[in-house]
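Thanks for asking me to look this one over. Here are my notes, written for someone opening the model for the first time.

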Amino acid sequence: MKLILTYIRRHLGMFLTALLFLSIETFADLLQPTFMAKVVDIGVKGKDAAAILQYGAVMLAIAAAGAVGAVLRNIFASRTSQQIGKELRADMYRKVQTLSFENVDRLQPAAIITRITNDVTQIQNFINGSMRIMMKVPITLVGAVLLILMQTPRFFPVIAAIVAVSAVLIAANMKLGYPRYGRLQQKLDRLNAVSREFLSSVRVVKAFGAEAEEQKKFTDAAQDFSKAGVAAARVPAVFSPLINLTVNFGIVLLLWISQAQPSGQIGRLMASVNYMTQVLFALGMISNILNTTVRAVASAGRVQEIFAEQPAQKLAEEPLTPQICGGVEFCGVSFAYAGAAGNALSKISFKACPGETIGVIGPTGSGKSTLVNLVPRFYDATEGQVLIDGCDVQKLSPEQLRQAVAVVPQKALLFSDTIAGNLRWGDEAASDEEIAAAARAACAEEFVQSLPQQYDTMLGQGGVNLSGGQKQRLSIARALLRKPKILILDDCTSALDASTEAAVLANLRVQTGRITVLLISQRISTVMRADRILCLEEGTVRGFGTHRELMEQCAAYRAIYASQVGPEDAAEGGGEHG
């Protein structure tokens, strides 16, 4: 609740203005039965047409004031709640951007999305409701009870009993509802995670004919969400009718007691019954409000977890900002993912000089991608140091570090934008000529020029309207536009045919110049012409040197070579490619 109040205070003026108009509307509703009683007891009983018209005009004016208050209250309530929702989502998104990969892995992307969307919506509905109904209910309840006692004081014991019983029912409703709505949001997290996983891998699902398995997984998640929703809905389903029954029983009891009411005070009796109806409305709404409050509080707790999350990576108080030349060195580096049973990397040590191309090869799961993720500080080493030009990356400014490093990931990631817009992620100020030069170096210019709108071609989400090889070449061009000091190529030519890959790598050797290149690949033909090659296996270094040196000294490297080139050539490989 503290989080909600913090955002309300930011817009306290609009919030209080909405409550002012809400108060006008509520008092108008409360005054109507009192003047109706005067119409009956004075005008109708006394056959006084002037009194009827007089009190009727007052009732009409009060109704008009209430209508104006209701309209203005709705306007201010909607504007305030929408503004708070916008700011809350923006603040959450900003916070998530400060978190490291480790934090995001722990929180889970699907759960983060649910909190930014659904949980904020629950908070937004609560704030909107508090300015439309929630503040109206206590005013109506207290006002109606007081006016009943003013009209018919002897009804006090009945009113007190009704309010007491209703309060007990409302408290039980809230106590039972809170944990159930919390579980409901957790089941929604799971449903979103299953949906997101299917949509991101729909091609694989269809290729393997696994629609039935995915359907079952989604059905199970939807069933769990449905059961949690039913469990949460049972609470108000039980207590709301009990509250209505209590108030209606009170109305019947008041009518029974009032049978001895003087006929001259029939208007007051009508007003009291009308006020009891308003009490019924107020108590019924309290049940609904508390359900909304319970969901909002549960959602606020989940949102607060995002804000309370401390980045796993600690920034230096006074970060160093040296001129980065591109030297990379690993000194006894070990790394383990959060919650993993063992290390993904163990005691890794090697050095890449500025302008040197280092090939990284090894079987699947050997830690190649994990290793290069430590260079731009996507993760921090568990032990040892990663050095850039002799400076520990943890002491460098993250902005300067990542400005000097360009990454072409294993899975090409493009955005819903034009081709030129995607490439300008590398350099926002890049000219058309620079974009074309980068595309040419990545062997992407030919297919881009064949498109009807060329560089202005709009890409679908993730570049869905391009082939895998085309997306990889655009990703390489985007990285080259950044003019980095360190270029990380994480198996980014896997979708290219051998001739295109050779052309891309040849162009890269010309383009990179003094750029340090960390080239990850599963193909021996891709890394064998690197200046030096790092051979990994099970997260440890098996060999580091030139192709010739590794062929002579590293059994793991020879095994990879033999598996791809052939056992007959393995013995001669060192001489042919030295």
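How many aromatic pairs does the count come to?

1. The count comes to seven aromatic pairs. Keep in mind as you read on that this is a predicted model. A pair of aromatic rings is described by the distance of the centres and the angle of the planes, and I use both below.

2. Start with Phe330 and Phe350, a stacked pair with 4.9 Å from centre to centre and 15° between the planes. The two sit in distant parts of the chain, 20 residues apart: Phe330 belongs to strand β1 (residues 328–335) and Phe350 to strand β2 (residues 345–352).

3. Are these two rings buried or exposed? Phe330 has a relative accessibility of 1%, so it counts as buried. Phe350 is at 5%, and therefore counts as buried too. Phe544 joins Phe330 and Phe350 in one aromatic cluster.

4. Next, look at Phe415 and Trp425, which are also stacked, at 4.2 Å centre to centre with 5° between the planes. Here the partners are ten residues apart and come from loops: Phe415 from the one between β6 and α13 (419–423), Trp425 from the one between α13 and α14 (432–441). Phe415 has 36% relative accessibility, so it counts as partly exposed.

5. Now the sheet. Six strands make up an open sheet with mixed pairing, and their order is β6-β7-β8-β3-β9-β10. The edges are taken by β6 (405–408) and β10 (540–545); each has a single partner strand, so one side of each has no neighbour in the sheet. On average, neighbouring strands are turned by 15° against each other, if you ignore direction.

6. If you want to zoom in on one strand pair, try β9 (residues 532–537) and β10. They run antiparallel and are joined by five bridges. Which residue of β10 is the bridge partner of Leu536? That would be Val541.

7. Two helices are worth finding against these strands. Helix α16 (residues 468–481) lies across β6 and β7 (486–490), and runs at about 180° to β6. Helix α20 (residues 555–565) lies across β3 (357–361), β9 and β10, with an angle of about 95° to β9.

8. One last detail, back among the rings: which residue lies over the face of Tyr7? It is Arg10, placed 4.2 Å from the ring centre.

Notes: Residues are numbered from 1 along each chain as its sequence is written. This is a predicted model: local features need pLDDT of at least 70, side-chain atom pairs count only at pLDDT 80 or more; totals for chains, interfaces and linings use all residues. Side-chain values use heavy atoms; hydrogens and water are left out. Two strands pair if DSSP finds at least two bridges between them. Helices (H or I, at least four residues) and strands (E, at least two) are DSSP runs, numbered from the N terminus. Axes are lines fitted to C-alpha atoms, for helices over the stretch in contact, and angles run from 0 to 180 degrees between N-to-C directions. Contact means heavy atoms within 4.5 Å. Rings of Phe, Tyr and Trp (its six-membered ring) pair if their centres lie within 6.5 Å; planes under 30 degrees apart count as stacked, over 60 as edge-to-face and the rest as tilted. Buried means under 20% relative accessible area, exposed over 50%, partly exposed in between (1.4 Å probe, protein chains only). A charge sits over a ring if NZ of Lys or CZ of Arg is within 6 Å of the ring centre and within 35 degrees of the ring normal.
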